[in-house]
Structures are given as C-alpha cells and as structure tokens.
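Colleague: I'd like to learn how to read a structure like this one, feature by feature. Could you walk me through it?

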Amino acid sequence: MSVTVTPPAARSPLWQNINQAATEGLFKLPVCSSCRQVQYPPQEFCRGCLAGDLCWEEVSPLGAVLSWTRLQASNHPYFMDRLPVFTGLVKLDCGPVMVVYLAESCLQTGTKVQVTGTPDASGQVVFMAAQPEAEFNDG
C-alpha cells in the first residue's frame, strides 16, 4: 500500500481568502481602508495604522527579487524528492515583501518578477515568482 505524501496544509483562516482568489485567477491581499497599506501576510489589523477595516482587493503581483537561496535539504518527505528548491524574498510594487518559490530564471537580485498564487499538492496556495513574460515551471 503506497501513501501519498503532500506538503504541509496548515494555514490560518485568513489564508482561505488567498485560496479563493487564486481559484478565480486573481491576486488579492488585504488593504487597509484607512491608510491603504497592503497587508502581507494576511492579518486582522493594519500593521501601519492598526485600523481593523481591511478589505480584500486585487493588487499588482509585480515586484523585484530582494534575495534568494537554494534549499538543498528538507526534513519533510514531500520536499525530499523535489530538491533543490529555489526560494526568495520579493518586494511587491504595492509594498509588502513575500517569501516565494522562484523560477531559476529569477536568481538575481533586482530581477523583475510576477507573483502567482498556485495550489500545491495539499490544495493550499503557495506563491511562485517568474519573469512576467515567462511561465513558472516547478519541474
């Protein structure tokens, strides 16, 4: 009997809004109605002005790579067979910095990228970044 191994699926209830937007092909994050600061990771109160009135809005998925790394090892069975994995920090043009999986073509600081929310094998959305004119290929 074979066991299907999936990536970790635990996410906060707020993350379900990201899952829903991705199924609709949209890139939405919470935006403060008072100061207009885009929030990531999703939360209940604005990190800028502490207002509690956040609305989920479509925002620009464009940004630039701040840094990246190549993961060579993992303790999680799902990732062991998928190494190496490239991850990095992307500063979105709309403000927040995100941890994302990176396409190999984006492994240079300053590279312009587009972030896309894509469901992983657990059904939860993960963020991937590729050059805007390229498609992300997770191998």
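Modeller: Sure, and keep in mind that this is a predicted model. Let's start with T111, which is found in the loop between β5 and β6.

Colleague: Is T111 buried or exposed?

Modeller: The general idea is a cut-off: under 20% relative accessible area is buried, over 50% is exposed. T111 comes in at 12%, so T111 counts as buried.

Colleague: How far is T111 from P30, in sequence and in space?

Modeller: They are 81 residues apart in sequence, and their C-alpha atoms are 25 Å apart. Try L92 in strand β4 (residues 85-92) next. L92 and V65 are 27 residues apart along the chain, with 8.8 Å from C-alpha to C-alpha. L92 has 1% relative accessibility, so L92 is buried. Then take T118, in strand β6 (residues 112-119). T118 and M128 are separated by 10 residues in sequence and by 7.1 Å between C-alphas. With a relative accessible area of 25%, T118 is partly exposed.

Colleague: Now charges. How many salt bridges does a search of the whole structure find?

Modeller: The idea first: side chains of opposite charge can pair when their charged atoms come close. In this structure the search finds one salt bridge. The side chains of E57 and R36 make it, at 2.7 Å from N to O. The two partners come from distant parts of the chain, 21 residues apart: E57 is in strand β2 (residues 54-58), and R36 is in the loop between β1 (28-32) and β2.

Colleague: How accessible are E57 and R36?

Modeller: E57 has 24% relative accessibility, so E57 is partly exposed. R36 is partly exposed as well, at 45%.

Colleague: And which charged end sits over the ring of Y78?

Modeller: That's the charged end of R82, 3.7 Å from the centre of the ring.

Colleague: Let's do backbone angles. What is the phi of R36?

Modeller: R36 has a positive phi of about 70°, although R36 is not a glycine. L50 is another residue to look at: its phi is near 70°, again a positive value in a residue other than glycine. L50 lies in the loop between β1 and β2. At 65% relative accessible area, L50 is exposed.

Colleague: What about omega? Which residues does a cis peptide bond with omega of about 0° join?

Modeller: Y40 and P41. P41 is found in the loop between β1 and β2. The peptide bond from L83 to P84 is cis too, with omega near -5°, and P84 lies in the loop between α2 (77-80) and β4.

Colleague: On to the aromatics. How many aromatic pairs are there?

Modeller: The count comes to six aromatic pairs. For the geometry, you look at the angle between ring planes, where over 60 degrees counts as edge-to-face. W15 and F127 have ring centres 5.7 Å apart and planes at 70°, so this pair is edge-to-face. The pair links distant parts of the chain: W15 is in helix α1 (residues 15-23) and F127 in strand β7, 112 residues apart. Both W15 and F127 are buried.

Colleague: Which residues form one aromatic cluster with W15 and F127?

Modeller: F27 and Y40 join W15 and F127 in one cluster.

Colleague: Last topic, empty space. Which residues line the second largest pocket?

Modeller: W15, Y40, T87, V99, V100, Y101, V126 and F127 do. The elements giving two or more residues to that lining are β5 (97-102) and β7 (125-130), and β5 has the largest share with three residues. By class, the lining has seven nonpolar residues, one polar and no charged ones. The volume of this pocket is about 170 Å³.

Colleague: And how many cavities of 30 Å³ or more does a search of the whole structure find?

Modeller: One. The largest cavity holds about 40 Å³ of space. Its lining is made up of I18, A22, L26, F27, K28, G117, V125 and F127. At least two of the lining residues come from each of α1 and β7. The classes here are six nonpolar, one polar and one charged.

Colleague: So F127 belongs to the lining of the second largest pocket and to the lining of the largest cavity.

Modeller: Right, and F127 is in the aromatic cluster with W15, F27 and Y40 as well.

Notes. Residues are numbered from 1 along each chain as its sequence is written. This is a predicted model: local features need pLDDT of at least 70, side-chain atom pairs count only at pLDDT 80 or more; totals for chains, interfaces and linings use all residues. Side-chain values use heavy atoms; hydrogens and water are left out. On a 1 Å grid over the protein atoms alone, a cavity is a set of points where a 1.4 Å probe fits but cannot get out, and a pocket is an open set with protein on both sides within 12 Å along at least five of seven lines; lining residues have an atom within 4 Å of a point. Grid points are joined across faces, edges and corners, and a volume is the space filled by probe spheres set on the points. Helices (H or I, at least four residues) and strands (E, at least two) are DSSP runs, numbered from the N terminus. Ala, Val, Leu, Ile, Met, Phe, Trp, Tyr, Cys and Pro count as nonpolar, Asp, Glu, Lys and Arg as charged, and the others, Gly among them, as polar. Rings of Phe, Tyr and Trp (its six-membered ring) pair if their centres lie within 6.5 Å; planes under 30 degrees apart count as stacked, over 60 as edge-to-face and the rest as tilted. Buried means under 20% relative accessible area, exposed over 50%, partly exposed in between (1.4 Å probe, protein chains only). A charge sits over a ring if NZ of Lys or CZ of Arg is within 6 Å of the ring centre and within 35 degrees of the ring normal. A salt bridge is a side-chain nitrogen of Lys or Arg within 4 Å of a carboxyl oxygen of Asp or Glu.
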